[in-house]
Amino acid sequence: MTYARRYIDVYFSGGQGGDISFTARGKYALRTHARVLRAGGYNQSELQLEIRGLSLQHISQLSTYGTVIHPNYNYVVQVDAGDEINGMSTIFVGYIQQAWADMKAMPDCPFHIIATAGGQAAVMKAKPTSFEGPTPVATILQSIAGQAGLAFKNFGLNKMLADPYHWGSPWKQIREVLSAANAEGIIEHNTLYAWPQNGNSGGNLLITPQTGLRDYPSFTQYGVQVRYEFHREIEYRSIMTIVSDIKPACGDWVIIRIDYDLQANTPKGNWFAILDGAKLDSPVLPLP
């Protein structure tokens, strides 16, 4: 792994006391562990975050950010990761579902955050979406995404649906449209992304021992899995080209699952992304 100082910056917003931010350097150089999961099918990105070293004042303030305690407030967390060489990039933006401190672990008391990208889209009220006659799927999804306050990015969806009518939360409507169109989508960075089932984002990532491949590739029911050093260029549904001594793993695969495992200010901490890939010409069932 390339030697560099690793950083994880965390930003909280939506609280009545104003925004709060913590970085892996400076006054609040906290020990931070971020797990971010992006899975295929029709899913929202998920975050599990641990922060160690918070003051009792910050623990008290952030413990009110869970939706169970305040269901009418939209508390948002943003996580940026990077290093001194390549700079920082945002790996997650989403709504906080749970926030609590494990005080039983004193003096090592991690503060836990669980958040979902676009989580409000699953619970907010929305008007039914309907169109007369054949309607492009992209038009339908853009209309629903707008109700949820999301941007929309289309990667090649060109199907039509006849006289579509969908009701319920925006996320329920989105899933129904994607299913009817035999398409896939994900919410991340306040944006709904959608592809045909065999589509990709157009990006390309070279996976070799020289560029950050760790261990040997392994295989899953969908294709291949690799553990790769974190790079800001990693992108969901992009193409990864694997070069390895395990010949069946070599070639082009579309990334259908990303599992970030990042630790800052942690001796020998992880700084990897576990990437699952499927063959370009093989239909991929939605991952759980």
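Colleague: Which residues in helix α3 (residues 170-180) are buried?

Modeller: Bear in mind that this is a predicted model. In α3 the buried ones are Pro170, Trp171, Gln173, Ile174, Val177 and Leu178.

Colleague: What makes you put those residues on the same side of α3?

Modeller: They cover an arc of only 160° around the axis, so they sit on the same side of the helix. Three of those residues, Ile174, Val177 and Leu178, also turn up among the contacts of Leu141. Beyond its neighbours within four places in sequence, Leu141 touches Phe152, Leu157, Leu192 and Ala194 as well.

Colleague: What else can you say about Leu141 in the largest nonpolar core?

Modeller: That core has 74 residues, and Leu141 is one of the five that touch the most other members. The others are Phe12, Val77, Met240 and Leu275.

Colleague: And just after α3, which residue takes a positive phi?

Modeller: Asn182 does, at about 55°.

Colleague: Why is Val79 called buried?

Modeller: Its relative accessible area is 0%, and buried means under 20%, so Val79 qualifies. Val79 belongs to strand β6 (residues 76-83). Leaving out neighbours within four places in sequence, its contacts are Ile8, Asp9, Ala34, Leu47, Ser89, Thr90, Ile91 and Phe92. Take Leu47: the two are 32 residues apart in sequence, with their C-alpha atoms 9.1 Å apart.

Colleague: Why is Met106 called exposed?

Modeller: The cut-off for exposed is over 50%, and Met106 has a relative accessible area of 61%, so the label fits. Met106 is in the loop between β7 (87-101) and β8 (111-116). Together with Leu56 and Met103, Met106 makes a nonpolar surface patch of about 340 Å².

Colleague: How do you know that Asp108 and Arg52 form a salt bridge?

Modeller: The rule asks for a side-chain nitrogen within 4 Å of a carboxyl oxygen. Here the N to O distance is 2.7 Å, so the pair passes. This bridge links distant parts of the chain, with Asp108 in the loop between β7 and β8 and Arg52 in strand β5 (residues 46-52), 56 residues apart.

Colleague: Are those two partners buried or partly exposed?

Modeller: One of each. Asp108 has 34% relative accessible area, so it is partly exposed. Arg52 has 18%, so it counts as buried.

Colleague: What makes Arg35 and Asp261 a salt bridge?

Modeller: Their closest N and O atoms are 3.8 Å apart, and the limit is 4 Å, so they count. The pair also links distant parts of the chain: Arg35 is in strand β3 (residues 31-39) and Asp261 in strand β20 (residues 251-264), 226 residues apart.

Colleague: Why is Arg35 called partly exposed?

Modeller: Its relative accessibility is 30%, and partly exposed is the range between the 20% and 50% cut-offs, so that is its class. Asp261, at 12%, is buried.

Colleague: How many salt bridges are there by this rule?

Modeller: The count comes to 12. One of them joins Glu229 and Arg6, with closest N and O atoms 3.8 Å apart. Glu229 lies in strand β18 (residues 223-229) and Arg6 in strand β1 (residues 6-13), 223 residues apart. Both Glu229 and Arg6 are buried.

Colleague: Which residues are joined into one network by salt bridges that share partners?

Modeller: Arg6, Asp83, Arg214 and Glu229.

Conventions: Residues are numbered from 1 along each chain as its sequence is written. This is a predicted model: local features need pLDDT of at least 70, side-chain atom pairs count only at pLDDT 80 or more; totals for chains, interfaces and linings use all residues. Side-chain values use heavy atoms; hydrogens and water are left out. Patches are made of residues with over 30% relative accessible area and no salt bridge: like charges are joined within 9 Å, nonpolar side chains (Val, Leu, Ile, Met, Phe, Trp, Tyr) within 5 Å. Accessible areas come from the Shrake-Rupley method with a 1.4 Å probe; for residues, only the protein chains shown count as cover. Helices (H or I, at least four residues) and strands (E, at least two) are DSSP runs, numbered from the N terminus. Buried means under 20% relative accessible area, exposed over 50%, partly exposed in between (1.4 Å probe, protein chains only). Contact means heavy atoms within 4.5 Å. The arc is that of the directions from the helix axis to the C-beta atoms. A nonpolar core is a set of buried Ala, Val, Leu, Ile, Met, Phe, Trp, Tyr and Cys residues joined through side-chain atoms within 4.5 Å.
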